[in-house]
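Please open the model in a viewer and keep the selection tool at hand. The stops below are given in the order in which they may be selected.

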Amino acid sequence: ERERERERFKYRSACASYKIKYPEWGSCSLGVFICLICSGIHRNIPDIGKVKSLRLSCWEDSEVEFMAENGNEAAKIKYEARVPAYYYKPTHKDCQVLKEQWIKAKYERMEFTQDRKSLVYDEGSRDGMLMKRGRDNGQFLSRRFVLSEREGTLKYFTKSDAKEPKAVIKVDTINASFQPEKIGNPNGLQITYLKDYSTRNIFLYHESSKEIVDWFNSIRAVQLHYLKVAFPGASEFELTPKLTRNFLKEGYMEKTGPRQTEGFKKRWFTLDHRRLMYFKDPLDAFAKGEVFLGHRDLGYSAHAGLPSGTHSNGAWRHGITIVTPERSFLFTCESEAEQQDWLKHFNDVTSAQMSPQEYSGEEANGVACVRLHHHITDSRRARD
């Protein structure tokens with residue numbers, strides 16, 4: 001019987017939302033094949049929530065015919081006809097809130113069909129209240145945020161009726177990434193931007209998952225508009241990778257100071273493309289220091305182990321040495337698996353060709369500032 005059921009759905013290839021091969025579930029109401037994760041989301045959507053297991057459920061002949069007549073490709077043509085270039089399509093690795101809102105936007109709200117009207121992300125501005133974590137006290141308080149395409153800024157105000165903003169953030173310096181586990185809220189969003197040549201983090205959430213994802217995609221829409229103006233000859237395909245990005249890796253390592261004689265201390269590390277930042281706490285507003293990772297031909301490399309004679313006072317023994325033209329940086333990891341994973345990411349970065357912007361212009365200035373900032377913080381905190 002199971003072989004017969006499998007034969008009936010032999011034309012399935014991948015999940016309708018993600019590239020997971022040979023999904024084990026089907027939506028009887030939409031005629032699409034979906035993975036286990038999607039099946040749970042579909043069940044919670046009224047009117048389209050009828051799902052069945054391809055192997056374990058009993059299928060009527062009419063349902064099997066409906067699946068064959070429709071299928072993933074037909075659904076994509078209908079429900080994804082006009083997805084904006086800036087709209088973030090989550091992968092199976094992304095957090096639940098992004099997956100949930102992508103599926104709801106497609107099938108429940110039908111935002112991307114051929115006859116859709118204007119989208120909220122296209123309005124060029126957004127004004128609303130978000131919960132923001134206080135830099136010093138760690139408490140989340142309601143703050144007003146205003147996004148403006150015309151000004152190219154994201155502002156936030158300590159009070160809803162305040163005339164002057166607490167901060168004015170240029171959209172071209174913003175990165176936004178969902179961090180539910182770090183922030184401790186399923187709708188947690190981290191905004192990273194440049195302030196006085198240093199990287200600043202703010203942590204936000206909204207009780208409504210739709211609201212926080214709408215903010216996320218509105219920021220991406222404004223950023224794409226900014227890039228189109230800045231690079232009029234570039235295509236949307238070339239520009240969309242320059243919008244928000246997920247960090248390559250985050251986690252704890254131990255590090256020693258610039259003299260390499262200080263004790264190793266546990267720090268939270270974030271690898272954001274070519275910048276390795278470290279923090280005393282994952283929710284710190286500012287990094288204690290940053291290490292720039294250039295191309296290996298320029299003298300950047302990473303390898304397992306520590307220089308002979310290095311005294312490691314901590315319990316973590318799996319060492320990593322990052323070599324830069326200025327100096328070497330020493331770290332230790334809790335396990336060999338973590339060591340190898342960090343090394344893979346470091347070596348991937350140093351093997352990747354640097355863009356012209358990374359050699360010159362604003363990003364080169366940013367690199368110089370990163371190095372200066374790192375030099376200053378290391379000098380001030382030699383024991384860190």
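Begin with helix H5, residues 96–108, in this predicted model. H5 has 13 residues, and the distance from its first C-alpha to its last is 17 Å, close to the 18 Å expected at 1.5 Å a residue. Select its buried residues next: Val97, Leu98, Lys99, Gln101, Trp102, Ile103, Ala105, Lys106 and Tyr107. The elements that cover them include S2, H2, H4, strand S8 (175–178) and H7. Just past the helix, display Met110, which follows H5 and has a positive phi near 45 degrees. As a point of reference, most residues other than glycine have a negative phi.

From H5, extend the selection to the largest nonpolar core, which has 30 residues. Which of its residues touch the most other members? They are Ile34, Tyr86, Tyr87 and Tyr107. At least two residues of this core come from each of strand S2 (32–34), helix H2 (36–43), helix H4 (71–79), H5 and helix H7 (209–230). The greatest contribution is that of H5, with 4 residues. In general, nonpolar side chains tend to be buried together in soluble globular proteins.

Now centre the view on Ile34. With neighbours within four places in sequence set aside, Ile34 is in contact with Cys15, Ala16, Pro23, Glu24, Trp25, Gly26, Ser27, Ser39, His42 and Val51. Apart from the core to which Ile34 belongs lies another, of 26 residues; for this one, select Leu154, Ile169, Leu189 and Val213, which are among its members.

The next stop is helix H9, residues 336–351. Its 16 residues should span 22 Å at 1.5 Å a residue, and its end C-alpha atoms are 22 Å apart, so the two values agree. Colour the buried residues of H9: Gln339, Trp342, Leu343, His345, Phe346, Val349 and Thr350. These residues lie on the same side of H9 because they cover an arc of only 165 degrees around the axis. Rotate to the face turned away from this buried side, where the exposed residues Glu336 and Ala337 are found. Then show what covers the buried residues of H9, which includes strand S11 (249–255), strand S12 (265–272), strand S13 (275–279), strand S15 (301–304), strand S16 (318–323) and strand S17 (328–333).

Between S12 and S13, pick out the loop that holds His273. Phi of His273 is positive, near 55 degrees, although the residue is not a glycine. His273 counts as partly exposed because its relative accessibility is 40%. A second stop of this kind is Asp47, in the loop between H2 and strand S3 (51–53). Asp47 is likewise not a glycine and has a positive phi, of about 75 degrees. Is Asp47 buried or exposed? With a relative accessible area of 79%, Asp47 is exposed.

Select Glu290, which is placed in strand S14 (residues 289–292). Glu290 has 3% relative accessibility and therefore counts as buried. Show its side chain together with that of Thr199: a polar contact of 3.0 Å joins the two.

Finally, zoom out to the whole chain, which has 11 helices and 17 strands. Buried residues account for 50% of its 384 residues. Of the contacts between residues at least 6 apart in sequence, 53% join residues at least 24 apart. Displayed as a surface, the chain has an accessible area of about 19,700 Å², and 49% of this belongs to carbon and sulfur atoms.

Definitions and conventions: Residues numbered from 1 in each chain as written. Predicted model: local features only at pLDDT ≥ 70, side-chain atom pairs only at ≥ 80, totals over all residues. Heavy atoms only, no water. Core = buried A, V, L, I, M, F, W, Y, C linked by side-chain atoms within 4.5 Å. Buried < 20%, exposed > 50% of the residue type's maximum accessible area, 1.4 Å probe, protein only. Contact = heavy atoms within 4.5 Å. Expected span 1.5 Å × (residues − 1). Arc of directions from axis to C-beta. Polar contact = N/O pair within 3.5 Å; in protein donor to acceptor, adjacent residues only side chain to side chain. Areas by Shrake-Rupley, 256 points an atom, 1.4 Å probe, with all protein chains shown as cover.
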